[in-house]
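Hi,

Here is the structure I promised to send over. Have a look at it first, and my notes on what turned up follow below.

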2 protein chains.
Amino acid sequence: MDRLVQCVPNFSEGRDRTLVEKIVGAIEGVEGIRLLDYSLDGDHNRAVVTFVGEPQAVLEAAYQGARKAVELIDMEKHQGSHPRMGAVDVIPFIPIKDVSMEEAIGLANALGERLAKELDLPVYLYEEAARVPERKNLADVRRGEYEGLKENIENRKPDYGPSRVHPTAGATIVGARMPLVAFNVNLDTADIKVAKQIAKSVRQASGGLSNVKAIGLALEDRVQVQVSMNMVNYVKTPLYRALELIKAEARRYGVRVSGTELIGLVPQQALVDSLKYYMQLEDFSENQILENRLWQE
Amino acid sequence: MDRLVQCVPNFSEGRDRTLVEKIVGAIEGVEGIRLLDYSLDGDHNRAVVTFVGEPQAVLEAAYQGARKAVELIDMEKHQGSHPRMGAVDVIPFIPIKDVSMEEAIGLANALGERLAKELDLPVYLYEEAARVPERKNLADVRRGEYEGLKENIENRKPDYGPSRVHPTAGATIVGARMPLVAFNVNLDTADIKVAKQIAKSVRQASGGLSNVKAIGLALEDRVQVQVSMNMVNYVKTPLYRALELIKAEARRYGVRVSGTELIGLVPQQALVDSLKYYMQLEDFSENQILENRLWQE
């Protein structure tokens with residue numbers, strides 16, 4: 001398996017495990033797909049499924065999962081604390097390995113077109129796949145939720161499909177985005193002001209690094225503080241750059257980095273890029289990692 | 001494929017490609033094996049095959065390759081510039097992932113026993129599998145080669161099998177060792193004395209780091225010099241430690257590291273261990289690397 005796309009569809013059912021397992025089964029039934037995880041949240045009444053594979057297999061599996069969810073979930077009866085637009089609420093395609101963002105956007109479009117044509121769903125494109133700036137942000141697209149969209153869909157023409165919500169499945173939001181890497185940097189001080197100040201210096205929104213979101217947090221148990229970051233594009237803005245900038249900013253407070261944390265799954269490239277920086281590696285290829293030879297055909 | 005052992009058998013045939021392909025075929029025929037490479041050297045008259053897999057599959061494939069080589073290669077007719085003891089000259093087992101050195105030594109013993117019993121080969125255990133210190137070093141075990149061993153095997157009782165060489169296949173040397181990582185560090189000077197002096201400071205043999213072999217070389221094209229290292233145990237002596245020591249030693253000459261090179265295949269753990277050092281990562285597990293989920297069952 002050379003090229004790799006991840007897909008993380010969110011379905012509007014988080015209580016009926018048997019139902020969700022039918023959706024997961026439809027996804028897993030597609031050859032070439034590797035299911036990484038699925039989880040249900042009862043309060044949100046929402047399930048999140050994570051799978052990877054080569055682009056065409058992922059596209060097919062995303063469609064099969066959506067088809068099953070449209071068949072089984074009725075939005076007229078759905079209640080939950082998480083905002084949602086439809087039975088198949090959101091489907092992002094995430095390039096992981098040797099797949100460009102352009103190709104991921106192509107997958108979002110191909111899926112959107114098929115969902116509209118074969119399942120009669122209105123489809124909105126978001127994030128990198130958005131065609132208009134006001135649909136880039138998922139929260140903006142989802143504003144008003146299923147019930148709101150039913151009232152005023154004529155003012156919000158979908159990118160694919162009919163200008164009316166599906167009678168039971170609502171609408172679906174499809175898009176493409178980079179994988180997020182959750183990266184935290186712990187500081188050897190208990191002064192929360194320092195963490196907040198450094199977070200401000202490092203995040204894009206307030207004059208720091210592109211593609212970095214950051215907040216300052218207290219770690220009560222450790223009597224330390226943390227700069228907690230979401231790296232939203234680890235290719236353009238690698239992990240080491242954020243870490244080195246934090247070290248530089250910390251110096252003015254006489255503070256040092258005591259440790260760092262990577263939370264959840266991290267694509268290999270995000271690690272290798274930073275290792276290349278720190279070890280000054282010339283011409284290193286991920287193909288030289290022995291384990292990578294094992295899943296290449 | 002969770003657990004991983006590498007095996008790199010050396011066979012005494014480097015000219016007849018058809019013959020070598022029959023041996024490779026016998027290895028590849030074992031389920032669960034992934035062939036990584038094989039190459040023939042005509043001058044040495046020797047072939048080297050590299051494959052990986054789970055321990056039991058690797059053991060079986062090593063046996064099948066040996067059986068085919070014993071059937072096809074006649075040491076009485078063998079000539080080549082590389083020292084050798086038998087048709088199946090050397091078979092090292094190399095733990096790569098979630099396999100201990102003890103288990104690799106166990107594989108060497110299991111194979112040695114089977115080669116003796118089923119193929120009537122005398123077998124010597126070397127490196128980590130050696131039972132006596134004088135058999136640790138491969139070159140020592142191989143001294144005198146096939147022809148010499150025929151003369152005096154009564155003074156060199158094998159660890160398994162008969163005290164006489166096999167009439168066509170000679171003897172076989174089986175063992176266990178860590179994977180080697182070839183790691184070069186380039187310096188921004190053309191003074192070869194500096195590279196030689198630093199190599200001397202960093203290598204085990206002259207007071208440096210355990211598990212590091214190092215020499216100083218001139219890189220004529222680049223008008224630079226290089227400390228060229230073999231890291232013989234990257235778990236006990238990680239790459240970063242050698243690099244940081246070289247930087248420290250270089251400072252006394254006013255010299256800096258201009259870049260580094262990793263040559264050939266590198267196990268993922270060798271990279272992750274150094275990344276953890278440089279990024280001060282707390283509690284990072286290789287299991288968090290997304291790609292690693294793809295070849296785990």
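**What I found**

Let's start with a pair of tyrosines: Tyr278(A) and Tyr278(B) are both buried (buried is under 20% relative accessible area, exposed is over 50% and partly exposed lies in between, with a 1.4 Å probe and protein chains only).

Before going on, some housekeeping. This is a predicted model, where local features need pLDDT of at least 70 and side-chain atom pairs count only at pLDDT 80 or more, while totals for chains, interfaces and linings use all residues. Residues are numbered from 1 along each chain as its sequence is written, chains are lettered from A and ligands numbered from 1 in the order in which they are written, and side-chain values use heavy atoms, with hydrogens and water left out.

Back to the tyrosines. Over all chains there are 7 aromatic pairs (rings of Phe, Tyr and Trp, the last by its six-membered ring, with centres within 6.5 Å; planes under 30 degrees apart are stacked, over 60 edge-to-face and the rest tilted). Tyr278(A) and Tyr278(B) make one that is stacked, 5.7 Å centre to centre with 5° between the planes. This pair crosses between chains, running from helix α8 (residues 268-279) of chain A to helix α8 (residues 268-279) of chain B (helices are DSSP runs of H or I with at least four residues, strands are E runs of at least two, and both are numbered from the N terminus). Tyr278(B) also pairs with Tyr277(B), this time edge-to-face, at 4.9 Å and 80°. Tyr278(B) has a relative accessible area of 9%, whereas Tyr277(B) is partly exposed at 39%. Ring pairs link Tyr240, Tyr277 and Tyr278 of chain A and Tyr240, Tyr277 and Tyr278 of chain B into a cluster.

Now the two chains as a whole. A rotation of 179° with 0.0 Å of shift along its axis puts chain A on chain B, with an RMSD of 0.1 Å (a least-squares fit on the C-alpha atoms of residues with pLDDT of at least 70 in both copies). The two copies are therefore related as by a two-fold rotation axis. In chain A, the residue that comes closest to that axis is Leu275(A), with its C-alpha at 2.7 Å.

How many residues does the contact take from each chain? It takes 44 from chain A and 44 from chain B, where contact means heavy atoms within 4.5 Å. Since 100% of the interface residues of chain A are also interface residues in chain B, the copies meet through the same surface. About 4100 Å² is buried between the chains, and carbon and sulfur atoms give 60% of that (buried area is the accessible area, 1.4 Å probe, that two parts lose on being put together, summed over both). On the chain A side, Met279(A), Leu290(A) and Leu294(A) lose the most area to chain B, together 17% of what that side buries.

Away from the interface topic, a few other spots:

- The charged end of Arg114(A) sits over the ring of Tyr63(A), 3.6 Å from its centre (the rule is NZ of Lys or CZ of Arg within 6 Å of the ring centre and within 35 degrees of the ring normal).
- Ala108(A) belongs to helix α3 (residues 101-119) of chain A and is buried at 0% relative accessibility. Among the residues Ala108(A) touches are Phe93(A), Leu125(A) and Val174(A).
- Thr172(B) lies in strand β7 (residues 172-176) of chain B and is likewise buried, at 0%.

Cheers

Note on methods: Lists of a residue's contacts leave out its neighbours within four places in sequence.
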